[in-house]
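The exercises below are meant to be worked through with the sequence and the 3D view side by side. Try each task before reading its solution.

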Amino acid sequence: MDDVEKIKQKIDIVDLISEHLTLKKTGRNFKANCPFHSEKTPSFVVSPERQIWHCFGCQKGGDIFTFLMEYEKTDFPESLKYLADKAGIKLSGPVFQTEKEKQKETIYSLNHLASTYYNYILLNHNAGKDALAYLFEKRKLNLDIIKKFNLGYAPNRNNSLTSYLMRKKGYKPEDLTNAGLATIRNGRVIDFFRHRIIFPISDSRGNVIAFSGRALDINSALEGPKYINTRETIVYKKSDSLFGLNLAKDEIKKENRVIVVEGEFDVISPYKEGIKNIVAIKGTALTESQVRILKRYAEKITFCFDTDRAGEEAQRRSIQMVEKENVLASVIVPPEGKDPDELVNEDPVLFKKAVKKDISIYDFIIDSAVGNFETKTVEGKRKILDKTLPVLSLIENAVIKEHYFKKLGRLLDTSVESLNKEADKIKNQKNVKEDILPKKKLTREEMIEPYLISLILQYKQVNKAYLICEETLQGTDFCLTAYNRIYSFLGDYVSQQENFFMGDFVKTLPSELLEAFDKCYLAPLAFLEDEKQYLSEIQKTAKEVKTNSLKSKLKNVSEKIKEKEKNGQEKEAEEARQEFLELTKLLKQNSVILIK
Ligand SMILES: [Zn+2]
């Protein structure tokens with residue numbers, strides 16, 4: 001047995017997934033809201049018997065390894081190492097790495113070396129003196145917090161880091177450019193970060209994946225933008241990363257809440273004051289994948305953005321994203337229009353109070369819109385509605401919705417009724433859009449066959465379910481090959497075995513059918529009240545499958561008749577006509593039974 005099999009035997013998939021999601025037992029399987037796409041009714045199914053999972057919403061699925069890879073965004077070797085450890089199994093050989101995985105490892109090591117180097121320069125080298133003074137005096141940081149976040153300084157030279165990594169550590173120029181630490185200009189390798197304060201950005205497991213650099217002299221024209229980031233690499237995707245998450249995640253879990261801010265110092269300063277459940281987005285608005293990552297650690301997201309226009313707009317867009325993802329959200333409004341970092345340094349107590357007095361996002365949306373536009377003019381009213389209604393119309397609780405519509409109505413001197421009308425318009429626009437968007441939707445014919453197989457496989461006595469189905473089908477083929485084959489393997493098994501054992505049956509299936517089989521086996525079925533209802537559902541479905549199959553055969557045969565007649569093959573044409581009559585008769589019989 002290989003390591004993978006050994007690990008699979010030791011770790012139960014239900015146990016593993018339960019560590020991350022709340023699973024509910026339904027029939028043979030377990031269900032949960034899918035962590036990989038947003039949904040309100042669960043379509044994520046886990047099977048203890050098959051030791052697999054599948055999501056019927058986003059079509060992702062697999063075993064314990066693929067779950068971990070998706071969930072933690074890791075690769076196979078990392079999941080293997082982690083699960084082997086968990087199972088207490090010693091891996092028998094070195095973990096196989098693909099070229100891409102090796103490249104990732106190289107970037108992690110390089111970034112680790114770079115962050116240590118920058119930190120050393122900041123704390124111990126003459127070149128870092130000004131930067132250190134800036135952090136101590138202007139930013140009021142102390143040595144502990146600088147070490148905690150492993151801050152650094154990139155010297156004002158073209159090849160400071162590059163010569164360290166290449167000459168002293170033996171890395172090649174392309175290693176450095178792949179990591180985004182250097183660029184090549186006129187054939188020379190040049191440090192990407194120069195004369196900047198360096199913030200390492202880590203993933204949730206603590207690997208350094210990128211850096212952010214803040215210009216030390218922001219008034220000097222030579223400096224370029226105030227902040228620059230490592231470009232995207234194979235380990236760094238800006239929309240997936242959050243500054244400070246590696247240090248904050250335990251505290252976020254403990255508090256069941258995460259505070260989201262805009263920049264690095266907005267994380268570091270509160271952290272210094274003991275507010276540690278805090279991360280920065282480093283972009284203009286929270287992205288969908290950032291929300292999904294945060295959802296793993298906490299049920300509530302609290303925004304605390306800069307109070308300028310850009311900050312407010314980013315906050316509004318982030319709120320819409322969070323609403324879509326079904327997460328509790330609130331807003332901290334720092335008093336006196338200050339940025340979080342500023343306020344913490346001036347008055348930490350006041351900031352802590354503001355954190356405790358977070359307001360609902362709906363109050364925030366209304367207040368900020370009313371603060372920015374005229375409530376008395378038609379134009380102003382229109383702008384306020386544009387900013388508020390798209391969010392307010394999403395509120396599902398009717399009482400809460402009315403509460404905010406009343407508030408908005410008072411401010412704009414209009415009725416709740418009119419607001420409701422406008423909100424409906426927005427909703428309808430959205431629905432139309434969703435309908436127009438090309439979506440690969442299966443037809444009823446395509447869905448009915450896997451549904452029938454699901455009904456049979458999920459019945460407590462599979463043999464019995466098969467026989468009842470067969471009474472109706474009587475040898476009729478399914479239209480879709482995969483289901484036809486599964487059904488015929490099922491027939492072989494049932495004719496040979498008195499009792500049905502899922503594990504045994506699966507072994508009789510060829511591997512190419514397993515995916516289709518698992519989907520049927522895991523498909524979330526509607527709740528059927530009792531035995532009688534369940535079996536009659538099987539009969540009804542089987543009849544529909546039979547009708548479809550006969551119709552499709554009729555179509556083929558009538559084409560055959562035309563073709564044979566055209567070619568003057570009278571004997572063959574006559575045979576086909578006979579076949580056509582037979583099929584018509586069968587179809588009639590089937591529909592008669594259906595009516596009865
Ligand atoms: Zn999904």
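**Exercise 1.** Which domains does the domain assignment of the protein chain give?

*Solution.* This is a predicted model, in which local features need pLDDT of at least 70 and side-chain atom pairs count only at pLDDT 80 or more, while totals for chains, interfaces and linings use all residues. Residues are numbered from 1 along each chain as its sequence is written, and side-chain values use heavy atoms, with hydrogens and water left out. The assignment gives domain 1 (3-87), domain 2 (100-236), domain 3 (245-357), domain 4 (377-436) and domain 5 (444-595), bounds of this kind coming from an automatic or database domain assignment. Taken over C-alpha atoms, the centres of domain 3 and domain 5 are separated by 55 Å.

**Exercise 2.** Classify the ring pair of Phe-36 and Tyr-71, and place both residues in the chain.

*Solution.* The structure holds 29 aromatic pairs, where rings of Phe, Tyr and Trp (its six-membered ring) pair if their centres lie within 6.5 Å, and planes under 30 degrees apart count as stacked, over 60 as edge-to-face and the rest as tilted. The centres of the Phe-36 and Tyr-71 rings are 6.4 Å apart and the planes stand at 75 degrees, so this pair is edge-to-face. It links distant parts of the chain, since Phe-36 is in the loop between strand 2 (29-32) and strand 3 (44-47) and Tyr-71 is in helix 3 (residues 64-72), 35 residues apart. Helices (H or I, at least four residues) and strands (E, at least two) are DSSP runs, numbered from the N terminus. Both Phe-36 and Tyr-71 are buried, a word that means under 20% relative accessible area, with exposed over 50% and partly exposed in between (1.4 Å probe, protein chains only).

**Exercise 3.** What kind of aromatic pair do Phe-193 and Phe-211 form, and are these residues buried or exposed?

*Solution.* With 6.3 Å centre to centre and 75 degrees between the planes, Phe-193 and Phe-211 form an edge-to-face pair. Phe-193 has a relative accessible area of 0% and is therefore buried, and Phe-211 counts as buried because its relative accessibility is 0%. Both belong to a cluster linked by ring pairs, which also holds Tyr-117, Tyr-118, Tyr-164 and Phe-192.

**Exercise 4.** Which residues that line the largest pocket are the closest to its centre?

*Solution.* The largest pocket has a volume of about 1100 Å³. On a 1 Å grid over the protein atoms alone, a cavity is a set of points where a 1.4 Å probe fits but cannot get out, and a pocket is an open set with protein on both sides within 12 Å along at least five of seven lines; lining residues have an atom within 4 Å of a point. Grid points are joined across faces, edges and corners, and a volume is the space filled by probe spheres set on the points. Of the 36 lining residues, the closest to the centre are His-20, Leu-21, Tyr-71, Lys-295 and Arg-296. The charged end of Arg-296 sits over the ring of Tyr-71, 4.4 Å from its centre, a term that requires NZ of Lys or CZ of Arg within 6 Å of the ring centre and within 35 degrees of the ring normal. Domain 1 and domain 3 each give at least three residues to this lining.

**Exercise 5.** Where is Asp-413, and is this residue buried or exposed?

*Solution.* Asp-413 is in the loop between helix 18 (398-412) and helix 19 (416-436). Its relative accessible area is 68%, so Asp-413 is exposed.
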